[in-house]
Amino acid sequence: MISIIIVNFNGGPLLGECVKRIGVCVKVGHEVIVFDNNSADGSVDGLDGPHVRVIRHAENLGFAKGNNKALEAASGSWIHFLNPDILVNEKLNDIYEQVLKNPEDNVLYFTRLADEDGKVQEGRMLVPRLSNYLNRMFRPANTMYWSIGASVLMTRKSCDDLHGWPEDYFMYAEDLDLFYSAQRKGMRIQELDCTLIHMGKVSSGAVW
């Protein structure tokens with residue numbers, strides 16, 4: 001029912017902890033698809049579980065294209081794109097149950113993120129267009145916002161309508177583009193009542 005997609009590049013032990021916590025906390029029908037971008041740290045070795053599938057790729061495709069490749073293998077009616085440095089909790093299962101009972105195709109959901117100390121990170125950021133700054137001042141109802149793409153949930157139909165993640169970006173700004181494109185298509189952006197721990201820029205740090 002839920003396909004949880006994790007794109008990994010040298011995620012280290014946090015990837016294993018992420019997958020382990022999903023197995024403990026998520027009770028609804030789900031699958032975990034780990035798309036590995038040719039990691040060299042052995043982070044995907046030994047990943048197991050009745051609902052876990054690892055797809056190893058021979059090169060690093062980047063975040064957006066990795067998500068789209070994993071999406072091709074997903075079978076769920078809902079897709080949750082999740083970073084490998086996210087630690088989930090039981091509240092996530094409650095959220096899954098809520099959206100499964102009340103499915104909406106025209107909504108892009110995201111969860112709140114907090115750092116290791118529990119400080120909630122900025123959830124909404126203004127889409128950086130001049131017209132949007134004017135909207136915030138004069139037409140607030142038309143203002144467009146975006147959020148970090150570390151935990152994004154939508155129906156499979158919404159993914160198809162958006163044609164997946166924008167592959168013009170190897171990494172960074174693809175989440176801004178995704179949220180902007182969704183709103184231009186008339187999709188609603190909604191924050192879920194769930195806070196997940198975001199441990200930091202694991203994969204991006206390995207790149208830079």
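Is I55 buried or exposed? Hold that thought for a moment, everyone.

Quick housekeeping. What you're looking at is a predicted model, where local features need pLDDT of at least 70, side-chain atom pairs count only at pLDDT 80 or more, and totals for chains, interfaces and linings use all residues. Residues are numbered from 1 along each chain as its sequence is written, and side-chain values use heavy atoms, with hydrogens and water left out.

Okay, back to I55. At 18% relative accessibility, I55 counts as buried; the label buried means under 20% relative accessible area, exposed is over 50%, and partly exposed is in between, with a 1.4 Å probe and protein chains only. You'll find I55 in strand 3. By the way, strands (E, at least two residues) and helices (H or I, at least four) are DSSP runs, numbered from the N terminus.

So who does I55 touch? Leaving aside neighbours within four places in sequence, I55 is in contact with I33, V34, F35, D36 and A73, where contact means heavy atoms within 4.5 Å. Take I33: it sits 22 residues from I55 along the chain, yet their C-alpha atoms are separated by 7.3 Å.

Now zoom out to the sheet. It's an open one of 8 strands, in the order 3-2-1-4-9-6-10-5, with mixed pairing. Two strands pair if DSSP finds at least two bridges between them. At the edges are strand 3 (52-56) and strand 5 (86-87), each pairing on one side only.

Let's start at the strand 3 edge. Strand 2, residues 30-36, pairs with strand 3 in the parallel sense over 5 bridges, and V34 stands opposite V54. Over at the other edge, strand 5 and strand 10 are antiparallel, with 2 bridges; there, I86 has H198 as its bridge partner. Strand 10 also runs parallel to strand 6, joined by 8 bridges, and R112 is partnered with T195.

And the helices? Helix 1 (residues 13-25) lies across strands 1, 2, 3, 4 and 5, at about 175 degrees to strand 1. Axes here are lines fitted to C-alpha atoms, for helices over the stretch in contact, and angles run from 0 to 180 degrees between N-to-C directions. Helix 6 (residues 174-184) lies across strands 6, 9 and 10, at about 145 degrees to strand 6.

Last bit: cysteines. How many disulfides does a search of the whole structure find? The count is 0, with a disulfide being a pair of cysteine sulfur atoms within 2.5 Å. For C18, the nearest cysteine sulfur, that of C25, is 10 Å away. C18 counts as buried, at 0% relative accessibility.
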